[in-house]
Amino acid sequence: MEQYKEKLKITNIFLSICCAVLAIFAVLAVGSELGWFSILLPAAGDSHWASGWHGYIFGASIGIFSAMLGFLIRNIRAMKNDKKLKEIYVKEHDERNIRIQTLAGNTTMKCLLWMGLVATIIAGYFSITVSITILACIFVSSTVNLIFIAYYSKKM
């Protein structure tokens, strides 16, 4: 359990740094929207687009910040209570849950690749830029997937 506590300490440091960075992004987005400073400006588009972009950055930052803060609080509480620490450990290392997540991830990857191919064809009728962008995303995802398959094939 001591090794797991050390792992949680490192995780807590990472979560704390990420929360600080996300809080800064949220402040920058609000400040840019209110005209306090011009740091987070989109490369293209009009002021309406910039306003929407600032809202997106703020919302995404606050949403991810909230989730990470929740995990940070959970970890801190667990480190003070051995019973909660053991519950979290068992939940994270349960072989059945790990297997379910692995299978779900594999199926999700396959579905997203097929849906991306269909989206590439459909988008080609409306915008070649969007179609090629989707195709590039499919290519990168497939390449990374093949790299991991090769890596784990040699590792196991």
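**Entry 1. Largest pocket**

I started with the lining of the largest pocket, where helix 4 gives the largest share, five residues. I am working from a predicted model. I then listed the lining in full: Thr 102, Gly 105, Asn 106, Met 109, Lys 110, Asn 145, Phe 148, Ile 149, Tyr 152 and Met 156. Two elements give two or more residues each to this lining, helix 4 (95-124) and helix 5. I looked up the volume of the largest pocket next and noted about 280 Å³.

How do the lining residues divide by type? I noted five nonpolar, four polar and one charged.

**Entry 2. Nonpolar surface patch**

I turned to the surface. A nonpolar patch there covers about 810 Å². I wrote down its members: Phe 139, Val 140, Val 144, Phe 148, Tyr 151, Tyr 152 and Met 156. Phe 148, Tyr 152 and Met 156 are in the patch and also line the largest pocket.

I picked Tyr 151 from the patch for a further look. Tyr 151 sits in helix 5, which runs over residues 128-155. Is Tyr 151 buried, partly exposed or exposed? Its relative accessibility is 44%, so I logged Tyr 151 as partly exposed.

**Entry 3. Salt bridges**

How many salt bridges does the structure hold? I noted four.

I took Asp 82 and Lys 5 to begin with. Their side chains meet in a salt bridge, at 3.9 Å from N to O. The cut-off is 4 Å, so this pair counts. This salt bridge links distant parts of the chain, with Asp 82 in helix 3 (residues 82-93) and Lys 5 in helix 1 (residues 2-34), 77 residues apart. I checked accessibility for both partners. Asp 82 is exposed, at 54% relative accessible area. Lys 5 has 19% and is buried. The limit for buried is under 20%, so Lys 5 falls within that class.

I went on to Lys 9 and Glu 6. The closest N and O atoms of this salt bridge are 3.4 Å apart. Where do the two partners sit? Both are in helix 1, three residues apart, so about one helical turn separates them. Lys 9 is partly exposed at 40% relative accessibility. Glu 6 is partly exposed too, at 42%.

I then looked up Glu 92 and Arg 74. Their salt bridge has its closest N and O atoms 3.6 Å apart. This pair also links distant parts of the chain: Glu 92 is in helix 3, Arg 74 is in helix 2, and 18 residues separate them. Glu 92 is partly exposed at 34% relative accessibility. Arg 74 counts as partly exposed at 30%.

Which residues are linked with this pair in a network of salt bridges? I noted Lys 7, which joins Arg 74 and Glu 92 in the network.

**Entry 4. Ile 73**

My last look was at Ile 73, in helix 2 (residues 47-80). Ile 73 has a relative accessible area of 38%. That puts Ile 73 between the limits of 20% and 50%, so I logged this residue as partly exposed.

I also checked Ile 73 against Phe 14. How far apart are their C-alpha atoms? I noted 13 Å, with the two positions 59 residues apart along the chain.

Conventions:
Residues numbered from 1 in each chain as written. Predicted model: local features only at pLDDT ≥ 70, side-chain atom pairs only at ≥ 80, totals over all residues. Heavy atoms only, no water. Patch = residues over 30% accessible without salt bridge, like charges linked within 9 Å, V, L, I, M, F, W, Y side chains within 5 Å. Areas by Shrake-Rupley, 256 points an atom, 1.4 Å probe, with all protein chains shown as cover. Helix = DSSP H or I, 4+ residues; strand = E, 2+ residues; numbered from the N terminus. Buried < 20%, exposed > 50% of the residue type's maximum accessible area, 1.4 Å probe, protein only. 1 Å grid on protein atoms, 1.4 Å probe; cavity = no way out; pocket = protein on both sides within 12 Å on 5 of 7 lines; lining within 4 Å. Points joined across faces, edges and corners; volume = space filled by probe spheres on them. Nonpolar A, V, L, I, M, F, W, Y, C, P; charged D, E, K, R; others polar.
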